Amino acid sequence: MMEVSEMFFPNCPVRNVLARVGDKWSLLVLNALQRHTGPMRFGELRKALPDASSKILTSTLRNLEADGFLVREVFAEVPPRVEYSLTDRALSFIAACRPMIQWAIDNLPAILSDRRASELKR
């Protein structure tokens, strides 16, 4: 299904790419894969992101695979084994996001404090 941003601005790289990787789960999935040594199976990703439903995790993995951020490898075993690993594109994207991730870590306490203060004013 075509995203709204793709319909109206199909050639805008910021809207086109960030609409996919800027969703709630993509960066978290990429980060989990990057922090793990070697490929991860679906169950391992579920454990790394316990608040992600199986349905949303499956959808996120499919989108990341379609955009060339990860490789899905199926092994002909019984039961079938499926592993996910990052591509060079994903690694370069994570490197570009590292300052933003660090900024979020550094600023989270102040942001949470501001949120609490804002809620008290209401």
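## Helix α3 and its neighbours

α3 and α5 lie roughly perpendicular to each other, because their packing angle of about 80° falls in the 65 to 115 range that counts as such. This is a predicted model, and helix α3 is a good place to start a tour of it. α3 also packs on α6, and α3 and α6 each supply at least two residues of the lining of the largest pocket. An open sheet of 3 strands completes the briefing.

**α3 against α5**

- The axes of α3 and helix α5 (residues 54-66) are 10 Å apart.
- On the α3 side, the contact uses Ser26, Val29 and Leu30; on the α5 side, these meet Leu57, Thr60, Leu61 and Leu64.
- Sorted by class, the residues of this contact are 5 nonpolar and 2 polar, with no charged residues.

**α3 against α6**

- Here the axes come within 11 Å and cross at roughly 105°.
- That crossing angle also lies between 65 and 115 degrees, so α3 and α6 are roughly perpendicular to each other.
- α3 brings Leu27, Leu30 and Gln34 to the contact, while α6 brings Ala90, Phe93, Ile94, Cys97, Arg98, Met100 and Ile101.
- The residues of the α3 and α6 contact divide into 8 nonpolar, 1 polar and 1 charged.
- Leu30 is worth a look on your screen: this α3 residue takes part in the contact with α5 and in the contact with α6.

**The largest pocket**

- The largest pocket holds about 190 Å³ of space.
- Its lining consists of Asp23, Lys24, Leu27, Leu28, Asn31, Met100, Ile101 and Ala104.
- By class, the lining has 5 nonpolar, 1 polar and 2 charged residues.
- α3 (26-35) and α6 (88-121) are the helices to follow here, each giving at least two lining residues.
- Leu27, Met100 and Ile101 line this pocket and also belong to the contact of α3 with α6.

**The three-stranded sheet**

- The strands of the open sheet follow the order β1-β3-β2, and their pairing is antiparallel.
- β1 (40-41) and β2 (70-75) are the edge strands, each with a single partner, so one side of each has no neighbour in the sheet.
- β1 is joined to β3 (residues 81-86) by 2 bridges, and Met40 stands opposite Tyr84 in β3.
- β2 and β3 run antiparallel and are joined by 6 bridges, with Val74 opposite Val82 in β3.
- A hairpin through 5 residues connects β2 to β3.

Methods:
Residues are numbered from 1 along each chain as its sequence is written. This is a predicted model: local features need pLDDT of at least 70, side-chain atom pairs count only at pLDDT 80 or more; totals for chains, interfaces and linings use all residues. Side-chain values use heavy atoms; hydrogens and water are left out. On a 1 Å grid over the protein atoms alone, a cavity is a set of points where a 1.4 Å probe fits but cannot get out, and a pocket is an open set with protein on both sides within 12 Å along at least five of seven lines; lining residues have an atom within 4 Å of a point. Grid points are joined across faces, edges and corners, and a volume is the space filled by probe spheres set on the points. Helices (H or I, at least four residues) and strands (E, at least two) are DSSP runs, numbered from the N terminus. Ala, Val, Leu, Ile, Met, Phe, Trp, Tyr, Cys and Pro count as nonpolar, Asp, Glu, Lys and Arg as charged, and the others, Gly among them, as polar. Axes are lines fitted to C-alpha atoms, for helices over the stretch in contact, and angles run from 0 to 180 degrees between N-to-C directions. Angles under 35 degrees count as roughly parallel, over 145 as roughly antiparallel, 65 to 115 as roughly perpendicular and the rest as oblique. Contact means heavy atoms within 4.5 Å. Two strands pair if DSSP finds at least two bridges between them.
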